[in-house]
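Trainee: I would like a close look at a single part of this model. Please take the open sheet in chain B and go through how the strands are put together and what surrounds them.

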Amino acid sequence: MKNLIRADFFRLFKDKIFYLLIGIAALLPIAANALFYFGYDIMVAQSPDAEALEKALKFVKAFPLSLFAFEISNSAGLLAVIATALHVGREYMNGTIRNKIIAGHSRTAVYGSAFVVSATSALIIVTAFIVSMLALGIPLQGWGAEETLAVCLRQYAAGFLITLAAAAAANMSAILSRGIIASLLINLGVVFGLTGTVSIITMLWDSISMPTVAGFFMKTLYAGQLAFIYDDFTAGFFLTTLSSTAVVVAGINTIGNIVFNRLDLN
Amino acid sequence: MDTILQTRRLTKTYGAVNALDSVTMAVPKGSIYGFVGKNGSGKTTLMRIVAGLVFPSGGEFALYGQTKKSGLLAARKRMGAVIETPAIFPNMTARDNLKAQCRVIGCDDNKIGGILKTVNLSGTGDKKAKNFSLGMKQRLGIAMALIGEPDFLMLDEPINGLDPEGIVETRELLLRLNKERGVTILISSHILSELSRLATHYGFIGEGRLIEETAASEVEKQAAGNLEEYFMNMIRSSVK
């Protein structure tokens, strides 16, 4: 599998679209920070419920850096999923995945290598997002009134873990859908579907008392974690994310690999 | 004579369709085995199964005598293949394509120059593969298959769409590989006149079934080396 990982990284680092996605990941927090910094007063003034909005914005101002963890999983996660769909999908499009199988590599090794590269590209994209966000976020928003380094790091780590789970899902759909268009559509559909689910969970947030069975599942599921990452800054949440990411990644990779080992390739 | 590839009652079904129907054939070591049949007769399906891309529905095959999964993985390290279209990265140069494949098989980049020379692509420089002619793409596909120095090559329609010069170049390359390096070649083609200049053995397949397996010397004896005539006679008699 070492050879396959080397080959996949060789191709990843030659891909201009990958660098474009890193660039977009770096630009997003710049735009978000600038909008928040320069548009704060306008947003409050123009809101139909200015009091509620100001309350929400004050919360953001208290945790300006760690709250971005939500965006890490959402925006950077979306970019990471696109990177994976393109990287794996192209191998089907131009038939080069055949070269790996014909060269005597097992399907499991091909699948594993694709996951390693998908996870690493997600890490790189998330890192670009975080670095850019800190570089502009600290000077513009300052260090939030209630922000601590531990909370910040924990939220970023949680954001990365959730993105890692998304990368595993994207890798599975890209490999099993056997095409670049299909994998892009599935992956984007999953991301937007999850974002919708997050909105629903966020709306239900106040009616969920913890701990309950529903609450446990919401915390464990991907979309639930996305919702919670916005509101739960405790060490316990991070541990839940860590363990459920391990379960999600292992589960997705196991299922994906079993199916891939039974799949006929073109 | 040793056999590189031996299939026994190899079968592949897609739903109710038998793409390959109990095919038993043998590719002798050192031969150029011409695989002849109409479109959809099962040639590509058989090659896909041997390459590990498609799983058989029945029967078995031995590659270098290996039939089990782990043995087949090891045996495939000794083979190269171009199935249907050349599997290349269009946004990379010929050299980068070979570098990527070198990493896949764990070979030394120093081999690349020699391989490019072998397939007459050493002068392509920074030109991306997507800008290559069909013949150049085909030769790059063959170069990708050759980089691991295989002693068994499987080529599916390698001269399809090539201009006369490309056909001659490919033919000379394959003959050179066979004679100088002893590479065994399983090759399918619709251009029977061209195949007859290469092949030492033939397998004729129709509707997923192997109709006949014979040596080129037999074709020479029965049809004065005219493969088209031999093929048509055989099809006619198999219909009767």
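Mentor: What follows goes through the open sheet of chain B, then its surroundings in the chain, and then the contact with chain A.

The model is predicted, and the account should be read with that in mind. Chain B has nine helices and nine strands. Three of the strands form the open sheet, in the order S2-S1-S4, and their pairing is antiparallel. Strands of a sheet pair through backbone hydrogen bonds, either parallel or antiparallel. The edges of the sheet in chain B are strand S2, residues 17-28, and strand S4, residues 58-63; each of these pairs on one side only. On average, neighbouring strands of the sheet are turned by 15° against each other, with direction ignored.

Strand S1 of chain B covers residues 3-14. Take its pairing with S2(B) to begin with: the two strands are antiparallel and share eight bridges. One of the residue pairs is Thr13(B) with Asn18(B), the latter lying in S2(B). S1(B) and S2(B) also form a hairpin, with two residues between the strands. In that turn, Gly15(B) has a positive phi of about 65°.

Now take the pairing of S1(B) with S4(B). Five bridges join these two strands, and they run antiparallel. Two residue pairs can be looked up in the structure. Thr7(B) stands opposite Phe61(B) in S4(B), and Leu5(B) has Leu63(B) of S4(B) as its bridge partner.

A helix belongs to the picture as well. Helix H1 of chain B, residues 43-51, packs on the sheet and touches S1, S2 and S4 of chain B. The direction of H1(B) makes about 115° with that of S1(B).

Another hairpin in chain B can be set beside the one just described. Strand S8, residues 201-206, and strand S9, residues 209-215, run antiparallel and are joined by six bridges. Gly203(B) stands opposite Glu213(B) in S9(B). This hairpin has two residues between its strands, and Glu207(B) takes a positive phi near 50°.

As for the chain that holds these parts, its C-alpha atoms fill a box of roughly 55 × 40 × 35 Å along the principal axes. A compact globule of 240 residues would have a radius of gyration near 18 Å, and chain B has 18 Å, so the two agree. Buried residues make up 48% of the 240 residues in chain B. Of the contacts in chain B between residues at least 6 apart in sequence, 70% join residues at least 24 apart.

Chain B also touches chain A. In this contact, 27 residues of chain B meet 20 residues of chain A. Helix H2 (69-76) and helix H3 (94-105) of chain B are the elements that give two or more residues to the side of chain B that touches chain A. H3(B) gives the largest share of that side, seven residues. By class, that side has 17 nonpolar, five polar and five charged residues.

Last comes the largest nonpolar core, which has 133 residues. Those that touch the most other members include Ile125(A), Phe129(A), Ala81(B) and Ala143(B). Helix H7 of chain A, residues 149-177, supplies the largest share of the core, 16 residues. In soluble globular proteins, nonpolar side chains tend to be buried together.

Notes
Residues are numbered from 1 along each chain as its sequence is written. Chains are lettered from A and ligands numbered from 1 in the order in which they are written. This is a predicted model: local features need pLDDT of at least 70, side-chain atom pairs count only at pLDDT 80 or more; totals for chains, interfaces and linings use all residues. Helices (H or I, at least four residues) and strands (E, at least two) are DSSP runs, numbered from the N terminus. The radius of gyration is taken over C-alpha atoms; the globule rule is 2.2 Å times the number of residues to the power 0.38. A residue is buried if 20 or more other C-beta atoms lie within 10 Å of its own, exposed if 12 or fewer, and partly exposed in between; C-beta atoms are placed from the backbone. Two residues are in contact if their C-beta atoms, placed from the backbone, lie within 7 Å. A nonpolar core is a set of buried Ala, Val, Leu, Ile, Met, Phe, Trp, Tyr and Cys residues joined through C-beta atoms within 7 Å. Ala, Val, Leu, Ile, Met, Phe, Trp, Tyr, Cys and Pro count as nonpolar, Asp, Glu, Lys and Arg as charged, and the others, Gly among them, as polar. Two strands pair if DSSP finds at least two bridges between them. Axes are lines fitted to C-alpha atoms, for helices over the stretch in contact, and angles run from 0 to 180 degrees between N-to-C directions.
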